Amino acid sequence: MKTATDTPTDVRTAPSAASTSSAPVRVTVVVGSNRTGRFGPVVAEWLLGRVRAHDDFEVDVVDVADFDLPTTFAPTPEVTAQLAEITPKLATAEAFVVLTPEYNHSYPAALKNLIDWHYHEWRAKPVALVSYGGLSGGLRAVEHLRQVFAELHATTVRDTVSFHHAHTSFDDTGHLKEPSAPTTAAKVMLDQLAWWGRALREAKEKRPYGG
Ligand SMILES: Cc1cc2nc3c(=O)[nH]c(=O)nc-3n(C[C@H](O)[C@H](O)[C@H](O)COP(=O)(O)O)c2cc1C
């Protein structure tokens, strides 16, 4: 497993010396639910296992349950302190995996709030989407997130992983009862994410994104 260690404050102004085509892609996994008693950590543990098992990534995590950003966009000292923890993990990422449940046919407000508190950090980067929920497996949340990330100049990768009736897909110890199909789907999705991560890294090394 590779772990993010050295975090430059702003990748837009300080390209990493390791930004070569062979260096691992720095990916931040965003855990998108903060509900008391949430199921999210079970899916997140499985997902982190898949990302860490993939050779192409250096992994960091932002969990929306670890902070409490207001929806008022007021830059108070408390908010500034929280963003000092969160923002570098987004800014230094070259790619994202966003884990979302489905709430009322969309994704949680806390996830939207995290997205909206940032702008440049998402720009010209690939985003892979993993979802869970009831019958739909969170697919409607995923399609809504594609629209949001398009506005932010991020590109969502085509393939996803979705857990339909997620609560019954995992056993009491947090392991998938039938891991084969989700593991294959995760490999396909993460391969696409790595390709986009490297492709956009190389493109940005040649010319800054100007959209
Ligand atoms: C407010 C709310 C709305 C929900 N709406 C949907 C829905 O529209 N479609 C669906 O498949 N599941 C829905 N669910 C079920 C959740 O996707 C499921 O409980 C999931 O585990 C929630 O993620 P969390 O446990 O990490 O908060 C909803 C759950 C909540 C709490």
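In the predicted model, Thr 100 is positioned opposite Ser 131 of strand E4. Strand E3 (residues 95-101) and E4 run parallel and are joined by 6 bridges. Between these two strands the chain passes through helix H3 (residues 109-116), forming a β-α-β crossover that is right-handed.

Strand E4 has further partners. With strand E5 (residues 155-156), E4 pairs in the parallel sense over 2 bridges, and Thr 155 in E5 is the bridge partner of Pro 126. Strand E6 (residues 161-163) also runs parallel to E4, the two being joined by 3 bridges; here Ser 162 of E6 is the bridge partner of Ser 131.

The burial of E4 is consistent with its description as an enclosed strand. Of the 7 residues of E4 (residues 126-132), 7 are buried, and the strand is therefore largely enclosed by the rest of the structure. Both of its faces are covered: one side carries the buried residues Pro 126, Ala 128, Val 130 and Tyr 132, and the other carries Val 127, Leu 129 and Ser 131, likewise buried.

Helix H1 (residues 40-53) comprises 14 residues, which at 1.5 Å a residue should span 20 Å; the C-alpha atoms at its ends are 20 Å apart, in agreement with this expectation. Buried positions in H1 are Gly 40, Val 42, Val 43, Ala 44, Trp 46, Leu 47, Arg 50 and Val 51.

The ligand is surrounded by 16 residues, of which the closest are Ser 33, Gly 40, Pro 101, Gly 133 and Gly 134. By residue class, the shell around the ligand consists of 6 nonpolar, 7 polar and 3 charged residues.

Key
Residues are numbered from 1 along each chain as its sequence is written. This is a predicted model: local features need pLDDT of at least 70, side-chain atom pairs count only at pLDDT 80 or more; totals for chains, interfaces and linings use all residues. Helices (H or I, at least four residues) and strands (E, at least two) are DSSP runs, numbered from the N terminus. The expected span of a helix is 1.5 Å times one less than its number of residues. A residue is buried if 20 or more other C-beta atoms lie within 10 Å of its own, exposed if 12 or fewer, and partly exposed in between; C-beta atoms are placed from the backbone. A residue is near a molecule or strand if its C-beta atom, placed from the backbone, lies within 6 Å of it. Ala, Val, Leu, Ile, Met, Phe, Trp, Tyr, Cys and Pro count as nonpolar, Asp, Glu, Lys and Arg as charged, and the others, Gly among them, as polar. Two strands pair if DSSP finds at least two bridges between them. A crossover is right-handed if, with the strands pointing away from the viewer, the path from the first strand over the helix to the second runs clockwise.
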